Amino acid sequence: SETLTIDKPSIPSSPSLLTQDDLKQIAAYKAVEFVESGMVLGLGTGSTATHAVSRIGELLQQGKLENIVGIPTSKKTHEQALALGIPLSDLDHHPIIDLAIDGADEVDPDLNLVKGRGGSLLREKMVESACRRLVVVVDESKLVDGLGGSGLAMPVEVVPFCWAHTARRLESLFGGGGGAGRCVAKLRRAEGGGEPFVTDNANYIVDLYFAGPIGDVEAASDAMLRIAGVVEHGMFLDMATTVIAAGACGVTVKNK
Ligand code: 5RP
């Protein structure tokens with residue numbers, strides 16, 4: 001890994017004045033330095049990835065990038081990229097992607113990720129599985145010792161049919177059981193309402209809350225995918241090739 005100094009001209013002179021959004025922007029802009037004209041690009045989703053998409057749009061408008069094709073990972077990113085004039089396509093037409101830039105919710109020391117708190121994990125995983133290079137951009141609060149250990153949600157996309165049954169099976173997989181166990185599963189609700197949150201693929205999200213790090217993430221991944229109602233989970237194992245983490249003291253770039 002390599003530690004770089006912050007070089008974005010518009011940041012305040014005192015690093016302590018940087019907001020979390022400034023750090024997200026710094027990481028995202030750093031990642032866009034890897035983008036070259038002619039690339040097919042996976043466009044991530046979330047409050048960090050949105051800075052990368054804006055920057056790519058800006059460079060295209062300035063003529064500093066040419067012949068880019070973007071593959072969005074959500075309807076929201078599709079709309080943003082369209083508004084910026086980024087030419088768009090999909091995996092059916094571009095099954096191999098040169099580079100994707102996306103955020104993450106947790107990053108472990110082996111560059112395994114938790115993603116999907118924004119709800120776009122399925123399309124993100126489909127697009128990013130097709131990438132030669134996945135550059136993950138985060139503020140340093142996302143760095144963890146072990147996936148699941150942050151106490152925040154590990155999202156799982158499930159089919160709506162009998163979602164409560166699927167949630168119970170997920171919970172019991174990890175020694176849960178009604179809230180007192182090692183894992184608690186909760187259906188994600190839409191903002192401000194009692195209605196379930198619905199993904200771009202018309203599915204639901206069950207968020208898993210762990211009492212500590214998951215441990216054997218490969219075994220957990222296999223076991224979750226064997227549950228019939230599970231569409232995909234938010235652990236992105238062995239997919240990131242580079243993680244760019246911005247903190248008040250600078251930007252750290254870690255490569256696989
Ligand atoms: C969306 C994602 C996001 O990349 C992840 O939730 C990080 O989001 P943010 O950059 O807003 O913190 O996986 O499904």
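**Group meeting: a walk through the predicted model**

Let me start with one residue. Leu-111 is buried, because 20 other C-beta atoms lie within 10 Å of its own. The cut-off for buried is 20 or more, so Leu-111 meets it. Where does Leu-111 lie? Leu-111 is in the loop between β5 and β6. Its backbone also deserves a look. Phi is positive, about 70°, although Leu-111 is not a glycine. Keep in mind that this is a predicted model.

Now compare a second residue with positive phi. Ala-202 is not a glycine either, and its phi is near 65°. Ala-202 sits in a loop too, between β9 (183–187) and β10 (204–210). Is Ala-202 buried or exposed? Ala-202 counts as exposed, because it has 8 C-beta neighbours inside 10 Å. So look at both loops on the screen: Leu-111 is buried, whereas Ala-202 is exposed.

Back to β5 and β6. These two strands pair in the antiparallel sense, over two bridges. One of the partnerships is Val-107 with Leu-113 in β6. They belong to an open sheet of three strands. Its order is β5-β6-β12, and the pairing is antiparallel. Which strands are at the edges? They are β5 (106–107) and β12 (235–236), and each pairs on one side only.

Next, the whole chain. It has six helices and 14 strands. The C-alpha trace spans about 55 × 40 × 35 Å along its principal axes. The radius of gyration is 18 Å, and a compact globule of 256 residues would be near 18 Å, so the two agree. Of the 256 residues, 46% count as buried. What about contacts far along the sequence? Take the contacts with a separation of 6 or more: 72% of them join residues 24 or more positions apart.

On to the core. In soluble globular proteins, nonpolar side chains tend to be buried together. Here, the largest nonpolar core has 66 residues. Which residues have the most contacts inside this core? They are Ala-27, Leu-41, Ile-56, Val-136 and Val-137. Helix α1 (residues 20–32) gives the most to the core, with seven residues.

Let me pick out Ala-27. Leave aside its neighbours within four places in sequence. Ala-27 then touches Val-137, Val-138 and Asp-139, among others. Its contacts also include Thr-48, Ile-244, Ala-245, Ala-246 and Val-251.

Some of those names take us to strand β7, residues 131–139. This strand is mostly covered, with seven of its nine residues buried. Strand β4 (residues 97–102) pairs with β7 in the parallel sense, over five bridges. There, Ile-101 has Val-135 of β7 as its bridge partner. Strand β13 (residues 242–247) also runs parallel to β7, and five bridges join them. Val-138 is bridged to Ala-245 in β13. Ala-245 is also one of the contacts of Ala-27.

Now strand β2, residues 40–43. In a regular strand the side chains alternate between the two faces of the sheet. Both faces of β2 are covered. Val-40 and Gly-42 are buried on one side, Leu-41 and Leu-43 on the other. Four bridges join β2 to strand β3 (residues 69–72), and the two run parallel. The partner of Gly-42 in β3 is Ile-71.

Helices next. Why is helix α4 (residues 121–129) largely enclosed by the rest of the structure? Because seven of its nine residues are buried. The buried set includes charged residues: Arg-123, Glu-124, Lys-125 and Glu-128. Leu-121, Leu-122 and Val-127 are buried as well.

Helix α2 (residues 49–61) holds Thr-50. Thr-50 counts as partly exposed, because it has 19 C-beta neighbours inside 10 Å. The cut-off for buried is 20. Thr-50 and Arg-132 are 82 residues apart along the chain, and 21 Å separates their C-alpha atoms.

Last, the ligand. How many residues surround it? There are 18, and the closest are Gly-46, Ser-47, Thr-48, Gly-103 and Gly-118. Thr-48 has come up before, as a contact of Ala-27. What is the make-up of the shell around the ligand? Three residues are nonpolar, 10 are polar and five are charged.

Methods. Residues numbered from 1 in each chain as written. Predicted model: local features only at pLDDT ≥ 70, side-chain atom pairs only at ≥ 80, totals over all residues. Near = placed C-beta within 6 Å. Buried ≥ 20, exposed ≤ 12 C-beta atoms within 10 Å, placed from the backbone. Core = buried A, V, L, I, M, F, W, Y, C linked by C-beta atoms within 7 Å. Contact = placed C-beta atoms within 7 Å. Pairing = 2+ DSSP bridges. Rg over C-alpha atoms; globule rule 2.2 N^0.38 Å.
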